Amino acid sequence: MSIETPLANHFIRQLIREDRARGLHNGRVATRFPPEPNGYLHLGHAKSICLNFGMAAENDGVCHLRFDDTNPVKEDLEYIEAIQADVRWLGFDWDRLLHASDYFEVFYLCAEKLIRKGLAYVCDLSADEVREYRGTLTSPGRDSPFRDRSITENLGLFRRMRAGEYADGTRTLRAKIDMASPNINLRDPALYRIRKVPHQNTGDAWCIYPMYDYAHCISDAVEGITHSLCTLEFEDHRPLYDWCLDHLDLVNDASLTAPLRAKGLHMSVSRPQQTEFARGNLDYTVMSKRKLIALVQDAIVDGWDDPRMPTLIGARRRGFPPAAIRNFWERLGYSKQVATIEYSVLEGCVREVLDAQAPRRMGVIDPLRLVITNLPAGHDETLTFANHPKDESFGTREVAFAPVLWIEREDFMEVPVKGFHRLQPGGEVRLRGVGIVRCESLVKDDAGKVVEVRCTLDPDTRAGLPGADRKVKGTIHWVSARHAVAAQVRLYGRLFNVPDPDEDEGGKTYRDHLNPDSKRIVQAWLEASLAQAAPEERFQFERLGYFVADRLDHGDGRVVFNRTVTLRDSYGKQK
RNA sequence: UGGGGGAUCGUUCAACGGUAGGACAACGGACUCUGACUCCGUUUAUCUAGGUUCGAAUCCUAGUCCCCCAGCCA
């Protein structure tokens, strides 16, 4: 059974096919996923990952994983490992693993080339002064007083910047473009800044570090990237992307990439094209790096891998299959419309994959005692259950059955509402795989709460017998009280209780919209075999939902499951 | 107010001058030893106003609304 989704005919897929068809880059396709190693990957990143790796794969191309590590003060080694693990978990593998810092020498050579062409200058303005000179959205900026330094002076100054002769923040290298441009990105943007901090990859070899716009386009070119796919907010950076590459002409200037060949890094240089698509947002969640970090740091969640987090590591711990996330983004397609996708679409993808792939089990998360009175107290029986209702390849399993069972409390109603199909006083229900029982009496505690339902089992309706075909309205799941294994089960709901927690309205912030009931921990009774489940193994607990053995806490005698998602519930929804 | 983008069912993505279609959601039904799955059916959309055309979601004009941009972040 295939769980892959049909391919959407989105504009980037079309563009790449057309480019190939007309022989651009000799039909070669190369993409890259360029995370900054300063946070964990989330579902939004997955959209970009699926696109970049997907486009490469379906066009016989390559895709690089490139760490965009141009700012040493923000990065952390912890993230480098995590990002690789997340990309692999999602189901992708890179053709090359690279760092922007691999190209620091190239960036430097390129900067000298721009200076020599009179297209870059060293500016002594402070950060505040630069801001002041930049102008505003509606008024043009003014030229820096250092804009007309000679090439020789600029070269000398820039070399001394590199040599560490100036303090942090005292000078920058700037592109000489147009301070009156209506596009602010073109008002002599900074190319290099001084940061006397060691870099996790290059140590203290450098004290000047390139800016994103400058480094990114060169990195793309140097790696032979053909299609540089990024999100919408970079749309008005594209003129700068093009400006740098056009003036640098890396394709025809081998001297610029000589340092790479000297290091043994051989890649074909290209003139890449940037194309932007809309990032993907989900309702009832926040996706910004800042807010995610805050949730972790303020212990609102239990860490980056909290199953309620939209991080990939969180989704993994929640039990989401990677194929579901891939299908999700492929099914939505890629466009330039800013969109917030309903969470139910993701859940639908998760259920679809899990329905096909998750073996079935029984478990009771809110137990009520049910005693079958017409069976000897010592009755002990082993029943055989199919592990999947539609796929025989899942095989069968043995389930212990005895007269004292746990059933779900909500499967019994002393005073049933209209349309209730399950157990009620004097009523009948089928015990899954057993037969039909009739509720004969109740046992209540002092407070009047039902603590036990006493039933008789109709022997003619036992599974396998002709009488088993007798119709009853409801079928409920159960576990044998004597055989079941105790488990901790974590029930997760959405983290926020409004569709757009980012909407800061009426003085409220996302923190005012936290769902206090997003995590519930219960003690459950499960089929004994579940104690042997491997961490991260996924199951459907019949009639309850999909559950995953916690990848960290389950095992060594502890039985710990996380609820990934409930089953669709057309009954619960009616009420 | 400058620049860059975007407006199609509730949500999202198609339709590339020729019948507005899919997915999810919702609703109704069939099936069912999971109120699941599956199957069938139904409801609902081209931002507005003009224009071009035999024919416009698509082209033109004028509006309206939404998003992004004033880091030595990415």
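Here are some exercises on this predicted model, each with a worked solution.

Before you start: residues are numbered from 1 along each chain as its sequence is written, and chains are lettered from A and ligands numbered from 1 in the order in which they are written. Because the model is predicted, local features need pLDDT of at least 70 and side-chain atom pairs count only at pLDDT 80 or more, while totals for chains, interfaces and linings use all residues; side-chain values use heavy atoms, with hydrogens and water left out.

**Exercise 1. Find the edges of the open sheet of 7 strands, then look at Ile476**.

Step 1. Get the terms straight. Helices (H or I, at least four residues) and strands (E, at least two) are DSSP runs, numbered from the N terminus. Two strands pair if DSSP finds at least two bridges between them.

Step 2. Read off the order: β21-β18-β19-β20-β14-β17-β22, with mixed pairing.

Step 3. Pick the strands that pair on one side only: these are β21 (475-476) and β22 (478-480).

Step 4. Check how β21 is held. Strand β18 (residues 428-431) runs parallel to β21, and 2 bridges join them. Thr475 of β21 is the bridge partner of Arg430.

Step 5. Now zoom in on Ile476, which sits in β21. Is Ile476 buried or exposed? Buried means under 20% relative accessible area, exposed over 50%, and partly exposed in between (1.4 Å probe, protein chains only). Ile476 has 1% relative accessibility, so it counts as buried.

Step 6. Look for its contacts (heavy atoms within 4.5 Å). Setting aside neighbours within four places in sequence, Ile476 touches Ile407, Asp411, Arg422, Val429, Arg430, Leu431, Arg432 and Arg543.

**Exercise 2. Work out which residues line the largest cavity**.

Step 1. Know what you're looking for. On a 1 Å grid over the protein atoms alone, a cavity is a set of points where a 1.4 Å probe fits but cannot get out; a pocket is an open set with protein on both sides within 12 Å along at least five of seven lines; lining residues have an atom within 4 Å of a point. Grid points are joined across faces, edges and corners, and a volume is the space filled by probe spheres set on the points.

Step 2. Count: there is 1 cavity of 30 Å³ or more. The largest has a volume of about 40 Å³.

Step 3. List the lining: Val222, Thr257, Leu260, Arg261, Leu265, Met267 and Val269. Helix α9 (residues 254-262) gives the most, with 3 residues.

Step 4. Sort by class. Ala, Val, Leu, Ile, Met, Phe, Trp, Tyr, Cys and Pro count as nonpolar, Asp, Glu, Lys and Arg as charged, and the others, Gly among them, as polar. You should get 5 nonpolar, 1 polar and 1 charged.

**Exercise 3. Describe the second largest pocket and the helix α7 beside its lining list**.

Step 1. Start with the volume, about 1,100 Å³.

Step 2. Go to the lining, which has 42 residues; His45, Glu233, Phe234, Arg279 and Lys289 lie nearest the centre. By class that's 16 nonpolar, 15 polar and 11 charged.

Step 3. Name the elements that give two or more residues: β1 (30-33), α2, α7 (212-222), β8 (227-231) and β10 (280-282).

Step 4. Why is α7 described as largely enclosed by the rest of the structure? Because 10 of its 11 residues are buried. Among them are Tyr214, His216 and Val222.

Step 5. Step just past α7, and Gly224 takes a positive phi of about 75 degrees.

**Exercise 4. Examine some of the salt bridges**.

Step 1. Recall the rule: a side-chain nitrogen of Lys or Arg within 4 Å of a carboxyl oxygen of Asp or Glu. The structure holds 57 of these.

Step 2. Take Asp60 and Arg20, at 3.6 Å, N to O. They link distant parts of the chain, 40 residues apart: Asp60 is in the loop between α2 (43-58) and β2 (62-67), and Arg20 is in helix α1 (residues 11-21). Asp60 is exposed at 68%, whereas Arg20 is partly exposed at 29%.

Step 3. Try Arg316 and Glu536, whose closest N and O atoms are 2.9 Å apart. Arg316 belongs to helix α11 (residues 312-318), and Glu536 to the loop between β24 (519-526) and β25 (538-541), 220 residues apart. Arg316 is buried at 17%, while Glu536 is partly exposed at 24%.

Step 4. Finish with a network: salt bridges that share partners join Asp305, Arg317, Arg490, Asp550 and Asp553.
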